[in-house]
Amino acid sequence: MTWETVIGLEIHVQLNTQSKIFSGASTAFGAEPNAHASVVECALPGVLPVMNREVVEKAIKLGLALDATINRKNAFDRKNYFYPDLPKGYQISQLDLPIVEHGKLEIVVGDEVKTINVTRAHMEEDAGKSVHEGLNGATGIDLNRAGTPLLEVVSEPEMRSAAEAVAYAKALHGLVTWLDICDGNMAEGSFRVDANVSVRPKGQAEFGTRREIKNLNSFRFLEAAINYEVEAQIEILEDGGKVQQATMLFDPDKGETRVMRLKEDAHDYRYFPDPDLLPIIISDGQMQQAKDEMPELPKEMAARFVTNFGVSDYDARLLTASRAQAEYFETAAAADKTHGKLVANWMNGELAATLNKEGLELAQSPITAPRLAELVGKIADGTLSSKLAKKAFEAMWNEPQASIGQIIEKHGLQQITDTGAIEAMIDEVLPNNPKAIEQFKSGNEKALNAIVGQVMKASKGKANPTQVQDLIKAKLA
């Protein structure tokens with residue numbers, strides 16, 4: 001039987017406010033346990049939540065960026081469950097009236113562009129954390145994270161592979177950091193993914209039984225967890241069993257999912273409107289202020305890059321995957337807009353590959369945007385061939401203080417463009433390649449490449465290859 005995968009994601013976006021959603025306690029990461037736990041997070045008798053206005057403002061910006069409906073009246077509910085790190089015994093969230101609904105987000109998987117519908121994004125508070133390490137078998141409770149403001153962004157179950165799910169998660173991650181509403185630090189829990197995964201026979205309209213994989217904090221883990229879970233569910237079904245709805249954990253060391261608990265449905269949480277918080281009413285002024293503060297969005301910037309710098313649609317999408325990437329490109333290409341395509345090729349090619357190999361972020365690259373612009377300029381004016389440029393790039397990476405001029409001089413990378421010098425090399429090579437000459441004159445264009453290669457070898461890769469080819473053709477005409 002052929003199986004189809006169905007995936008929906010619930011992504012918890014931690015908003016980068018200075019204080020918590022319902023108290024003035026700090027949201028700073030890394031403090032001593034419970035240093036940032038106020039009486040509100042500790043749920044002491046008589047305390048009341050007070051809404052953080054900035055949380056609403058950031059939620060509106062995400063709604064605008066997702067081209068979503070922003071509910072001008074939205075309200076909070078209590079989601080009841082009992083964990084040690086939730087002192088109140090309930091979480092303040094939004095069920096029936098979320099702030100954002102009916103959005104959409106474009107993703108790119110290979111050469112395909114696909115739109116994923118976003119069901120909703122609602123405001124809620126985070127829970128605390130149970131700590132087990134170093135406590136001699138006991139469990140400690142750290143409430144520093146409790147009350148940290150979250151936007152839970154829920155997609156429609158429209159992804160059909162782990163690759164699509166990762167592309168969606170990366171697109172949302174890029175968007176929330178672009179908007180500067182979240183720092184995107186997955187290692188610190190600022191962006192966490194829950195994946196709802198099910199399988200069904202190809203062509204069947206009805207969904208299969210889903211399992212939810214909780215708290216995936218890297219794109220690599222997200223892909224691995226989904227792929228494992230899909231295979232596990234298919235194996236259960238093909239063996240004649242039934243998939244049981246459950247909440248799963250992913251063990252990255254073993255590369256497998258395991259059952260954490262049987263999954264609750266919404267009615268198990270006994271939602272009801274929170275009596276301590278009035279509905280949020282978003283005014284015309286607040287909406288206009290959010291619109292005025294919106295940055296140029298990735299899609300808009302990509303279109304501008306195509307128009308102003310002559311890059312392809314595909315390259316423009318890659319270049320606007322993050323604000324850091326877009327700013328790097330715009331800085332590097334600003335010196336000469338006609339170099340935009342070359343800059344894009346080097347960013348998406350050699351630079352991206354080297355950063356990936358070294359495990360570095362773009363901001364950590366020793367080749368800054370102005371330095372890449374210098375390199376591209378030397379390629380464009382014929383000083384460097386593509387082969388010499390790769391050698392120059394490697395030297396620039398290892399010698400971050402050196403200018404491109406110093407690199408070229410030190411490593412002898414100047415391209416030979418003198419016609420006389422190139423002709424002299426050609427005259428040495430031609431007598432040694434009679435067979436290739438004969439084949440070329442007989443109409444075999446590929447035979448020319450062998451002769452060009454011999455001349456390039458004689459020049460130690462420094463001759464201008466276009467000039468070499470043109471001069472050989474002239475001599476053999």
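**Figure 1. The whole protein, with its buried share.** Let's start with the full chain: buried residues account for 47% of the 477 residues in the protein. This is a predicted model, so please read every view below as a prediction. The secondary structure comes to 15 helices and 16 strands. The radius of gyration is 29 Å, well over the 23 Å that the globule rule gives for 477 residues, so the protein is more spread out than a compact globule. Along the principal axes, the C-alpha atoms fill a box of roughly 95 × 55 × 50 Å.

**Figure 2. Contacts, surface and charges.** How do parts of the chain that are apart in sequence meet? Of the contacts between residues at least 6 apart in sequence, 68% join residues at least 24 apart. On the outside, the protein exposes about 23600 Å², and carbon and sulfur atoms supply 50% of that area. The protein has 51 positive and 68 negative charges, and the mean positions of these two groups are 3 Å apart.

**Figure 3. Helix α3 and what covers it.** Helix α3 runs through residues 219-238, which makes 20 residues. From its first C-alpha to its last it reaches 29 Å, close to the 28 Å expected at 1.5 Å a residue. Which residues of α3 are buried? They are Phe219, Phe221, Leu222, Ala225, Ile226, Glu229, Val230, Ala232, Gln233 and Ile234. As you trace that list, a general point may help: an α-helix has 3.6 residues a turn, so residues three or four places apart point the same way. The cover over the buried residues of α3 includes the helix α2 (162-178) and the strands β1 (3-14), β11 (191-201), β12 (211-216), β13 (246-251) and β14 (256-262). Just after α3 comes Gly240, with a positive phi of about 90°.

**Figure 4. Asn34 and Asp67, two loop residues with positive phi.** Neither of these residues is a glycine, yet Asn34 has a positive phi near 70° and Asp67 has a positive phi near 55°. Where do they sit? Look for Asn34 in the loop between β1 and α1 (53-65), and for Asp67 in the loop between α1 and β2 (69-70). Is Asp67 buried or exposed? Asp67 is exposed, with a relative accessible area of 53%, while Asn34 counts as partly exposed at 33% relative accessibility.

**Figure 5. Arg317 in helix α6.** Helix α6 spans residues 313-319, and Arg317 is part of it. With a relative accessible area of 32%, Arg317 is partly exposed. Which residues does Arg317 touch, leaving out those up to four places away in sequence? Its partners are Glu106, Val108 and Val113. You can also find Phe305 in this view: Arg317 and Phe305 are twelve residues apart in sequence, and their C-alpha atoms are 9.4 Å apart in space.

**Figure 6. Lys114 in strand β7.** Strand β7 covers residues 112-125 and holds Lys114. Setting aside residues up to four places away in sequence, Lys114 touches Leu105, Glu106, Ile107, Glu158, Met159, Arg160 and Glu164. Glu106 may ring a bell from the previous view, where Arg317 touches it too. How far is Lys114 from Ala324? Along the chain the two are 210 residues apart, and 24 Å separates their C-alpha atoms.

Notes
Residues numbered from 1 in each chain as written. Predicted model: local features only at pLDDT ≥ 70, side-chain atom pairs only at ≥ 80, totals over all residues. Heavy atoms only, no water. Helix = DSSP H or I, 4+ residues; strand = E, 2+ residues; numbered from the N terminus. Rg over C-alpha atoms; globule rule 2.2 N^0.38 Å. Buried < 20%, exposed > 50% of the residue type's maximum accessible area, 1.4 Å probe, protein only. Contact = heavy atoms within 4.5 Å. Areas by Shrake-Rupley, 256 points an atom, 1.4 Å probe, with all protein chains shown as cover. Lys, Arg positive; Asp, Glu negative; His and termini not counted. Charge placed at Lys NZ, Arg CZ, Asp CG, Glu CD. Expected span 1.5 Å × (residues − 1).
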